[in-house]
Amino acid sequence: MDPITVLLVLMGILAAIYAYVFIKDVVAHKDEKVLGDEGKEIKNNVAISGFIGFITNFFDTLGIGSFAPTTFAFKATKVVDVGVIPGTLNVAHTLPVVFMSFLYIGYVEVDFVTLISLIGASVVGAWLGAGVVVKFDRNKIQLIVGVALILVAAAMAGRNLGIIGWLPPGEGTLGLSGVNFVIGVVGFFILGALMTAGVGLYSPAMALVFLLGLSQPAAFPIMMGACAFLMSVAGIKFVKEGKYARKQSLAIGLLGLPGVFLAFQFFRGVFQMGLLIWLVVVVVTITALMMIGSYFKSVQK
């Protein structure tokens with residue numbers, strides 16, 4: 001059995017355990033009322049949640065992330081009580097992220113040692129670094145990361161336009177070695193830790209991959225794979241604690257799957273046309289602006 005298959009089997013086993021725990025809990029509470037914000041029952045609550053799941057997971061597959069858009073949608077529609085939003089985000093999006101991982105790891109070529117090392121570093125960072133990072137000011141972290149992403153996005157655009165010639169080429173290499181490998185491992189350890197402070201992994205991962213000279217598509221299986229492992233474990237924890245919206249999470253997860261599949265087809269088309277770097281520039285810029293905007297909103301409160 002080749003190493004990639006072993007990785008996918010392990011991921012599949014963990015996802016199966018998560019799915020069993022999740023579905024068993026939903027079935028056990030099948031008669032529970034579907035309540036939205038402040039305990040109010042909203043008509044078509046599950047249908048609205050499913051639509052949110054389809055849209056957010058479509059864009060998540062392209063690297064934009066799902067947590068921030070889903071949180072915005074929850075607050076706008078009031079389909080999920082504010083108190084259980086963190087748990088619902090993790091539980092609801094786990095299966096779509098696992099599906100993304102299987103699609104990207106099977107499609108995008110990347111050195112296995114690099115793939116497993118960066119995924120492992122982010123997972124370890126999330127576990128060991130959580131206690132330290134959560135003490136930091138989340139909004140200030142977002143501002144710093146947001147500004148850094150704007151600079152990287154500008155550099156990527158300049159490289160694509162031929163204005164900047166000293167940066168790594170967009171096609172890059174398939175694996176890291178030497179100093180770049182060490183920087184990559186340390187970098188993904190930090191990104192994994194920052195996830196626990198509410199800073200998404202996707203865009204910073206894309207930026208780091210670019211700066212290290214890796215092939216830009218390599219960012220997708222790495223970041224999706226890392227989140228698949230992290231969210232499966234976190235999802236089980238939230239399910240056991242019961243701190244999530246059950247039926248809304250199920251609707252988001254199930255309708256998120258076709259959203260992932262359609263977005264992946266779009267990714268393949270962009271990849272084949274050589275426009276992937278521009279897609280990444282747009283994604284990184286959008287994420288950076290959201291982070292910076294979040295900081296200034298917090299300051300105004």
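Select D25 and R246 to begin: in this predicted model, their side chains meet in a salt bridge, with N and O 2.7 Å apart. Colour the helices and you will see what the contact joins. D25 belongs to helix α1 and R246 to helix α11, so the pair ties together parts of the chain that are 221 residues apart in sequence. Now switch on the surface. D25 counts as buried, at 12% relative accessibility, and R246 is buried too, with a relative accessible area of 11%.

Keep R246 selected and add E32. These two form a salt bridge as well, and their closest N and O atoms are 3.2 Å apart. Here too the pair links distant parts of the chain: E32 sits in the loop between α1 and α2 (45-61), while R246 is in helix α11, 214 residues away. Is E32 buried or partly exposed? At 37% relative accessibility, E32 counts as partly exposed. Show D25, E32 and R246 together and you have a network of salt bridges.

How many salt bridges does the structure hold? There are three, and for the next stop you can select K237 and E241, whose side chains meet with N and O 3.2 Å apart. Both residues lie in helix α10 (residues 219-241), four residues apart, or about one turn of the helix. A look down the helix axis helps here: an α-helix has 3.6 residues a turn, so residues three or four places apart point the same way. On the surface, K237 is partly exposed, with a relative accessible area of 48%, and E241 counts as partly exposed at 39% relative accessibility.

Before leaving K237, add F238 to the view. The charged end of K237 sits over the ring of F238, 5.5 Å from the ring centre. That gives K237 two contacts to look at: the salt bridge with E241 and the ring of F238.

**On to the aromatic rings**

Show every Phe, Tyr and Trp side chain as sticks. A pair of aromatic rings is described by the distance of the centres and the angle of the planes. The count of aromatic pairs comes to nine. Start with Y18 and F22, a stacked pair with 5.7 Å from centre to centre and 25° between the planes. Both lie in helix α1 (residues 3-28), four residues apart, about one turn of the helix. Y18 and F22 are both buried.

Now move to F264 and F267, another stacked pair, at 6.1 Å centre to centre and with 15° between the planes. Where do these two sit relative to each other in helix α11? They are three residues apart in α11 (residues 246-272), and therefore separated by about one helical turn. F264 counts as buried at 4% relative accessibility, and F267 is buried with a relative accessible area of 0%.

Leave F264 and F267 on screen and add Y104, Y107 and F220. Ring pairs link these five residues, Y104, Y107, F220, F264 and F267, into a cluster.

**Along helix α8**

Select residues 178-195, which make up helix α8. This helix has 18 residues and reaches 26 Å from its first C-alpha to its last, close to the 26 Å expected at 1.5 Å a residue. Colour the buried positions: G184, G187, F188, L191, G192, A193 and L194 are buried in α8.

Next, pick V186, which also lies in α8. Is V186 buried or partly exposed? V186 is partly exposed, with a relative accessible area of 44%. Widen the selection to V124, W127, L128, V182, V186, F189, I190 and V233, and you have a nonpolar patch on the surface with about 730 Å² of accessible area together. Helices α5 (112-128) and α8 each supply at least two residues of the patch. Which helix gives the most? It is α8, with four residues.

**A last stop in a loop**

Finish by selecting K78, in the loop between α3 (67-77) and α4 (85-107). Check its backbone torsions: K78 has a positive phi of about 60° although it is not a glycine. For context, most residues other than glycine have a negative phi. With the surface on, K78 is partly exposed, with a relative accessible area of 44%.

Terms used: Residues numbered from 1 in each chain as written. Predicted model: local features only at pLDDT ≥ 70, side-chain atom pairs only at ≥ 80, totals over all residues. Heavy atoms only, no water. Phe/Tyr/Trp six-rings, centres within 6.5 Å; stacked < 30°, edge-to-face > 60°. Buried < 20%, exposed > 50% of the residue type's maximum accessible area, 1.4 Å probe, protein only. Lys NZ or Arg CZ within 6 Å of the ring centre and 35° of its normal. Expected span 1.5 Å × (residues − 1). Patch = residues over 30% accessible without salt bridge, like charges linked within 9 Å, V, L, I, M, F, W, Y side chains within 5 Å. Areas by Shrake-Rupley, 256 points an atom, 1.4 Å probe, with all protein chains shown as cover. Salt bridge = Lys/Arg side-chain N within 4 Å of Asp/Glu carboxyl O.
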